[in-house]
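Subject: Structure handover

Hello,

Here is the structure you will be taking over. Please open it first, then read the notes below.

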Amino acid sequence: MGSEHPRPDPATWWDHAACRGANPDLFVPVSDTEISRLARRTCNECPVKADCLDHALNTPGVHGIYGGLTDHERRNLRRRIRRQTTTNGATP
Ligand code: SF4
């Protein structure tokens, strides 16, 4: 159960995560089209959503819904960020 949605260091923002105690399997969707509405809603109401997304974007091998985004959505976000930083002349 849920071992594929690794938990970050519990001494930090994770203490305030809205999904603490929730079934972790809800946060590992079978596909992008079968994302749990409950997981999505939980993330959207989570007070540490930005921290969670930042963690997922900067931690290799993270799999599942983090910060309200799936793996595929985070890949797209990374691409957009890279494109933007390249366009703005900043180093990614
Ligand atoms: S944003 Fe979602 S996955 Fe991340 S801590 Fe909050 S509820 Fe959990």
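These are the findings, from the whole chain down to a single residue.

This is a predicted model: local features need pLDDT of at least 70, side-chain atom pairs count only at pLDDT 80 or more, and totals for chains, interfaces and linings use all residues. Residue numbers start from 1 along each chain as its sequence is written.

The fold: the protein chain has three helices and zero strands. Its order along the sequence is α-α-α. Helices (H or I, at least four residues) and strands (E, at least two) are DSSP runs, numbered from the N terminus.

Packing: of the 92 residues in the protein chain, 16% are buried. Buried means 20 or more other C-beta atoms within 10 Å of the residue's own, exposed means 12 or fewer, and partly exposed is in between; C-beta atoms are placed from the backbone. Take contacts between residues at least 6 apart in sequence: 45% join residues at least 24 apart. A contact needs C-beta atoms, placed from the backbone, within 7 Å.

The ligand: 14 residues surround it (C-beta atom, placed from the backbone, within 6 Å). The closest are Ala17, Cys19, Cys43, Cys46 and Cys52. Helices α1 (37-44) and α2 (49-57) each supply at least two residues of this shell.

One residue to look at: His72 lies in helix α3 (residues 71-87). His72 counts as exposed because it has 11 C-beta neighbours inside 10 Å. Ser31 is 41 residues from His72 in sequence, yet their C-alpha atoms are 9.4 Å apart in space.

Best wishes

How values were computed. Two residues are in contact if their C-beta atoms, placed from the backbone, lie within 7 Å.
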